[in-house]
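Thanks for making room for this on the agenda. I would like to talk through the internal cavities first, then the cysteines, and finish with a word on confidence.

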Amino acid sequence: MRKIVIASNNPGKLREFATLLAPFSFEAIPQAALGICEADEPFATFVENALAKARHASRAAQLSALADDSGICVPALGGAPGVWSARYANHGAGEPKSDARNNEKLIRDLADKDDRRAFYYCSLVLVRHADDPHPLIADGECWGEIVETPRGQGGFGYDPHFFLRQYGKTAAELTDEEKNRISHRGLAMRELAAKLKSQRGFSG
């Protein structure tokens, strides 16, 4: 079985990756299990941050690495929170991340906006080794709208406020199967799987 380090310490993402990777022959190892700290995410785009995280984890683990950078983008807010989604409400570098505070800020910022459209975006990067000159990159996006009143107990991040009209539910009300079928991360993962298949397999 091929080993791959997952460059994330986010419990919600790790659960989703475990489900999404289940059909493939990977032994997925969270970076924290190897004592690898989180990488810096200094860039303005999702793909640059994902690539930095993948290379950091791969170099530390001496393994292939899978990383994503994802977030929610709201056109009425100029694309914010964007790459700052996890730290949207933070006032200082040392302040812990908080889904609750992030959601409160998002609802405040949208209070006078008529356009409530939003989309989750994911850039997923797989590197075979830290200096891989041809990383595999896949992207996915999922559109919905922001509702003021949170609904649902599942998911994480902005899911309780992210309403999907086709389901009549927020992302936090979806089953894992429903969410993985349409989520930004699920779509990116299927695109990545197709790229792996087109290359006739993957050598770790």
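By class, how many nonpolar, polar and charged residues does the lining of the largest cavity have? Before I answer, please keep in mind that what you are looking at is a predicted model, and that a search of the whole structure turns up two cavities of 30 Å³ or more. The largest cavity holds about 70 Å³ of space, and its lining comprises seven nonpolar, two polar and two charged residues.

If you would like to find that place on the screen, the residues that line the largest cavity include Tyr120, Cys142, Asp159, Phe162 and Leu164, and you can continue from there to Ala171, Leu174, Lys179, Ile182, Ser183 and His184, which also belong to the lining. In terms of secondary structure, the elements that contribute two or more residues to the lining of this largest cavity are strand E6, residues 162-164, and helix H4, residues 176-182.

Let me turn to the other cavity. The second largest cavity has a volume of about 40 Å³, and the division of its lining by class is ten nonpolar, no polar and no charged residues. Among the residues around it are Ile4, Leu21, Phe24, Phe26, Leu66 and Leu126, together with Met189, Leu192, Ala193 and Leu196. Which element gives the most to this lining? That is helix H5, residues 184-198, with four residues.

Now to the cysteines, where the count of disulfides in the structure is zero. Cys73 takes part in no disulfide, and the nearest cysteine sulfur to it, that of Cys122, lies 11 Å away. Cys122 is likewise in no disulfide, with the sulfur of Cys73 as its nearest cysteine sulfur, at 11 Å. Are these two cysteines buried or exposed? Cys73 counts as buried because its relative accessibility is 8%, which is under the 20% cut-off, and Cys122 counts as buried because its relative accessibility is 0%.

Finally, a word on how confident the predictor is in all of this. The protein averages a pLDDT of 91, and 96% of the residues score at least 70. Within the protein, confidence is lowest in helix H1, residues 11-21, at a mean of 77, and highest in E6, at 98. I would point out that E6 is also one of the elements giving two or more residues to the lining of the largest cavity, whereas Leu21, which falls within helix H1, is one of the residues lining the second largest cavity.

Note on methods: Residues are numbered from 1 along each chain as its sequence is written. This is a predicted model: local features need pLDDT of at least 70, side-chain atom pairs count only at pLDDT 80 or more; totals for chains, interfaces and linings use all residues. Side-chain values use heavy atoms; hydrogens and water are left out. On a 1 Å grid over the protein atoms alone, a cavity is a set of points where a 1.4 Å probe fits but cannot get out, and a pocket is an open set with protein on both sides within 12 Å along at least five of seven lines; lining residues have an atom within 4 Å of a point. Grid points are joined across faces, edges and corners, and a volume is the space filled by probe spheres set on the points. Ala, Val, Leu, Ile, Met, Phe, Trp, Tyr, Cys and Pro count as nonpolar, Asp, Glu, Lys and Arg as charged, and the others, Gly among them, as polar. A disulfide is a pair of cysteine sulfur atoms within 2.5 Å. Buried means under 20% relative accessible area, exposed over 50%, partly exposed in between (1.4 Å probe, protein chains only). pLDDT is the predictor's confidence in each residue, from 0 to 100.
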